[in-house]
Number of protein chains: 2
Amino acid sequence: MADDGRADLAAMLAPLVRALVAAERPILDEHGLTMWGYSVLLALAEQPTRTQAALAESIGADKTRIIGVLDDLQERGLLQRDPDPNDRRVRVLSLTEDGRRVCGAAQADIRKMEETLLARLPAADRRGFLRALRVLSTLPRGEIIGRVRTPDP
Amino acid sequence: MADDGRADLAAMLAPLVRALVAAERPILDEHGLTMWGYSVLLALAEQPTRTQAALAESIGADKTRIIGVLDDLQERGLLQRDPDPNDRRVRVLSLTEDGRRVCGAAQADIRKMEETLLARLPAADRRGFLRALRVLSTLPRGEIIGRVRTPDP
């Protein structure tokens, strides 16, 4: 631990992420979703239609890896694949009404778990944490890595 | 995204961790350390002596996986292995003076990268973020997972 008494950010964040993911698993199980399935639904809920390749990239998955996930979600009527009007060889994905409902219900339960966890923090720290996280998590990755070499004066 | 306009915590934290780890790599390279090597040095800097098994567990590594890492650090004079006074079949690890210096220098450079990143946040959010992180990262894992099933009333 450094002089200011805190551990490295990655060293503090990584176990928290692992614990959150572990806490999400039983919740997703209850909704019949895998972690990848939930990631797909969430991505489509945020940006309605896109190709399989674009979707895979946005969730950090291998394109071939998620084909089975997409097949399963489609069979269960949670998403649909339609020909791209601009290029009929390409198919675009979108959520069905059921898909939107299942994704929302799972996310609501995850949110409950998170709020119980966040309730352990003083209100001001909780707000600061969420505001900071929103800024830091949406920085382009190069903004973090690039600054190592060329910090502000 | 849920009604309150934020993404799931894990979905915000995971890319941040990946970006931080990617930003640490070139810094560790400059200090001649791998990510595992740095993890070992950090763990020993925090809790001076321990067995290989205890060390491996504390950094989330497989016991056999880190043997090569330990060999390398020892050859470079950054750590030493001594027989456990309580059980001479067991060897305990500790940092050498050089090991402490290299670890501290690498951590200082990582801290600079982190501070540049954190400087993008308003001061109050930065303090709240770090305070929250300290609390959340040190919760026993069961405290997070357990609360999924038995939330507070």
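**Helix H4 and the contact between chains A and B**

In chain A of this predicted model, helix H4 (residues 67–75) has Val69(A), Leu70(A) and Leu73(A) buried (20 or more other C-beta atoms within 10 Å of the residue's own, with C-beta atoms placed from the backbone). These residues cover an arc of only 95 degrees around the axis, which puts them on the same side of H4(A); the arc is taken over the directions from the helix axis to the C-beta atoms. On the other side of H4(A), Ile67(A), Gly68(A), Asp71(A) and Glu75(A) are exposed (12 or fewer such atoms). An α-helix has 3.6 residues a turn, so residues three or four places apart point the same way.

The buried residues of H4(A) pack against helices H2 (35–46), H3 (52–58) and H5 and strands S2 (79–84) and S3 (87–95) of chain A. Helices (H or I, at least four residues) and strands (E, at least two) are DSSP runs, numbered from the N terminus. Just after H4(A), Gly77(A) has a positive phi of about 75 degrees.

Chain A and chain B each give 52 residues to their contact (C-beta atoms, placed from the backbone, within 7 Å). On the side of chain A that touches chain B, H1(A) supplies the largest share, 16 residues. 100% of the interface residues of chain A are also interface residues in chain B, so the copies meet through the same surface.

A rotation of 180 degrees with 0.0 Å of shift along its axis superposes chain A on chain B, with an RMSD of 0.0 Å. That is the relation of a two-fold axis. The fit is by least squares on C-alpha atoms of residues with pLDDT of at least 70 in both copies.

Residues are numbered from 1 along each chain as its sequence is written, and chains are lettered from A and ligands numbered from 1 in the order in which they are written. Local features need pLDDT of at least 70 and side-chain atom pairs count only at pLDDT 80 or more, while totals for chains, interfaces and linings use all residues.

Key
Two residues are in contact if their C-beta atoms, placed from the backbone, lie within 7 Å.
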